[in-house]
Amino acid sequence: MHEVIITSLKVYGSLFAVLFVVFLLGRHYYPKAFLVLRDSEEDATDLSRNTFGPISWMWKVFGIGDEEIFEECGMDAIVFIRTLRFGMRVALMSIVNGFYLFPVYATAEGGEGQLESVTLGNVPESDPALLSATVACYIVYTFALFLLY
């Protein structure tokens, strides 16, 4: 099973690295595609006039508050960003659930292969381990409702 995880990390990690480098190069060589408001004086804002380095923009992006985004970009941008944050938090809770679901699935009595052994497909019908998936669903659902409140 460790080989499957290592192979997945190699494939998806290298794919991420290549696409990230392509993004950084595209941002450097084609700035108009990424900084539309910078060239327009009437539409330019203080936020769009800022110039960040190839990597330093990542830390500075998280330092921009909701009020500044609202003032500079409008209500639709802040609603979109808040929706993305909500989805990210729900996805992170699902990842946290995976830390206890994968061992439960891997120790189930199913006869699946290496990769399938850490999925719900490895748990046979009427096995008490199926309750872990139900508990995980309730945890994610409750967490999402908590975030919405």
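Is D66 buried or exposed? In this predicted model, D66 has a relative accessibility of 19% and therefore counts as buried, since the cut-off for that class is under 20%. The paragraphs below set this residue in its surroundings, beginning with the protein as a whole.

The secondary structure of the protein consists of seven helices and zero strands, so that, read from the N terminus on, the order of the elements is α-α-α-α-α-α-α. Of the 149 residues of the protein, 21% count as buried, and D66 belongs to the buried class. The protein exposes about 11400 Å², and carbon and sulfur atoms supply 69% of this area. When contacts with a separation of 6 or more are considered, residues 24 or more positions apart account for 49% of them.

Within this arrangement, D66 is placed in helix 5, which comprises residues 66–73. If the neighbours of D66 within four places in sequence are left aside, the residues in contact with D66 are I78, R82 and R85. Two of these partners, R82 and R85, are joined with D66 in a network of salt bridges, and the count of salt bridges comes to two. Side chains of opposite charge can pair when their charged atoms come close.

The salt bridge between the side chains of D66 and R82 has an N to O distance of 3.4 Å. This pair links distant parts of the chain, as D66 lies in helix 5 whereas R82 lies in helix 6 (residues 75–106), with their positions 16 residues apart in sequence. The side chains of D66 and R82 are also joined by a polar contact of 3.4 Å. While D66 is buried, R82 has a relative accessibility of 49% and therefore counts as partly exposed, because exposed residues are those over 50%.

In the salt bridge that R85 forms with D66, the closest N and O atoms are 2.8 Å apart. Because R85 lies in helix 6 and D66 in helix 5, this pair ties together parts of the protein that are 19 residues apart in sequence. R85, with a relative accessible area of 26%, is partly exposed.

Taken together, these results describe D66 as a buried residue of helix 5 that is linked with R82 and R85 in a network of salt bridges.

Notes
Residues numbered from 1 in each chain as written. Predicted model: local features only at pLDDT ≥ 70, side-chain atom pairs only at ≥ 80, totals over all residues. Heavy atoms only, no water. Helix = DSSP H or I, 4+ residues; strand = E, 2+ residues; numbered from the N terminus. Buried < 20%, exposed > 50% of the residue type's maximum accessible area, 1.4 Å probe, protein only. Polar contact = N/O pair within 3.5 Å; in protein donor to acceptor, adjacent residues only side chain to side chain. Contact = heavy atoms within 4.5 Å. Salt bridge = Lys/Arg side-chain N within 4 Å of Asp/Glu carboxyl O. Areas by Shrake-Rupley, 256 points an atom, 1.4 Å probe, with all protein chains shown as cover.
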